[in-house]
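Visitor: Could you take me through one part of this model in detail? I would like to start from a small sheet and follow what lies around it.

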Amino acid sequence: MRKLDIIIVGAGLGGLASAIALQNLGHRITVLEKAKELKEVGAGITVQINGMKALQKLGVDQEVIKQGQLIQQAGIYSWDGQEISIDPIDELTEYFNAPCVGIHRGRLQQALLKYIPEDKIRLKQKVDNFIEKDQKVHVITEDGTEYIGDFLIGADGVHSKVRTLLNHSNDHVYAGYSIWRAICKRPANLNSNISVSWGDERRFGIVPISSTEVYWFATNKTPSEDFNTEYEDILHHISSLFEGWHDPIQTLIQSTDAKAITRTRIADRDMFFPWGIGNVTLLGDAAHMMTPNLGQGCCQSFEDAVVLANCLGSTENLELDLREYENRRHSRAEDTVHLARAIGIRGHKSGAWKEALNAKDDEKPLNIQDRYWLYDFIA
Ligand SMILES: Cc1cc2nc3c(=O)[nH]c(=O)nc-3n(C[C@H](O)[C@H](O)[C@H](O)COP(=O)(O)OP(=O)(O)OC[C@H]3O[C@@H](n4cnc5c(N)ncnc54)[C@H](O)[C@@H]3O)c2cc1C
């Protein structure tokens, strides 16, 4: 197929993955990013088996493995450490031929950046508008610069400007809970497993991301009006919410630098279709914002990147190719949004842990049957 000029808005994880996928096919890409630099910031992230399968197809999986921690097992536990359900990740890795990796979010971004020539990423370019004219998309940034491409990908995250310009609603559905996230020193005896522990209306997750670091997150049911509460002593506050919970939860909280803790309101968005119009489409959170309960938001954006690249040239008409991409991605992304939402609702109920502990095997939260379809990414 003819080589295209493609403009991608957003140098986040989805934007960079799509840049690599399209560049691998010989297309010319330009990534417009509003930030003035791409720093190694953020907490941790889990790239699940399907996300790593997508990265394999892009040829960047080994770099990501090098920068992260291979996960052996993922388990759900009660607040006092009783086992609720276990994902045998090592066995699934063999079955699906791809691992699950815990990694620093900033390091994941840097790993992807290695594959993109520096001059393809234009920083301090906040996209303000676009117009389609004569089969081309003209993208205008806040400083008045104009970029012209054959098509435009809005990979500009949950508050996507491109999405707004396409006249889709930007309304979020607040999930009713918030999440604190941080990275701290990995205790010497901590294994390479992910654990998420459930209590009453709150959960605590532990994800090793290197031989020396561990990423933890703590969720708590939060009426939306309480969200902005400032805590004089944030460590004390989080520690008291998880008082009496199993080891090493208190150790991790206490060994964290309070300044490194971030808090996010958890929300998702109802899906819509089609994502784009004409020679404009969406990718990643801009298209399918989801709650983080499955650790899938970024993995789904990696899948988007692979499928989008596969769809280009499938017809003689670029616009139809973009609609084909959206068509192939829509229901899988929507199922993921719904499953993540359901897990979040279940996990933040009062007595959630007790109900989960007593549930039959096939009704346990995140039993592996629930997730075969997710891990099994076929481009
Ligand atoms: C608490 C939490 C935990 C999570 N954990 C996981 C996990 O373990 N595994 C997983 O797979 N996913 C996880 N996710 C989801 C994951 O973080 C997102 O799905 C992923 O980062 C989305 O990538 P993106 O490229 O679509 O958007 P983003 O990463 O948000 O990138 C968007 C980019 O666009 C830029 N931008 C925005 N507007 C403009 C503009 N007008 N002009 C130019 N640039 C612009 C932004 O600066 C940014 O760089 C988690 C999410 C949360 C909230």
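Guide: Happy to. Let's begin with a pair of facing residues: in this predicted model, Gln 69 stands opposite Gly 102 in S7. Strand S4 covers residues 69–70, and S4 pairs with S7 in the antiparallel sense over 2 bridges. Stepping back, the open sheet here has 3 strands, in the order S3-S7-S4, with antiparallel pairing. S3 and S4 are the edge strands, each pairing on one side only.

From the sheet we can move on to helix H5, residues 105–113. Its buried residues are Arg 105, Arg 107, Leu 108, Gln 109, Ala 111 and Leu 112. On spacing within helices, a general point helps: with 3.6 residues to each turn of an α-helix, residues three or four places apart point the same way. The cover over the buried residues of H5 includes two strands of our sheet, S3 (44–47) and S7 (101–104), along with helices H1 (13–24) and H3 (61–67).

Two of these elements also lead us to the ligand. H1 and S3 each supply at least two residues of the shell around the ligand, as do strand S13 (173–185), helix H9 (285–288) and helix H10 (297–311). H10 gives the most, with 4 residues. The ligand has 33 residues around it, and those that come nearest are Gly 10, Gly 12, Gly 157, Gly 284 and Gly 297. Sorted by class, the shell holds 13 nonpolar, 13 polar and 7 charged residues.

Note on methods. Residues numbered from 1 in each chain as written. Predicted model: local features only at pLDDT ≥ 70, side-chain atom pairs only at ≥ 80, totals over all residues. Buried ≥ 20, exposed ≤ 12 C-beta atoms within 10 Å, placed from the backbone. Contact = placed C-beta atoms within 7 Å. Near = placed C-beta within 6 Å. Nonpolar A, V, L, I, M, F, W, Y, C, P; charged D, E, K, R; others polar. Pairing = 2+ DSSP bridges.
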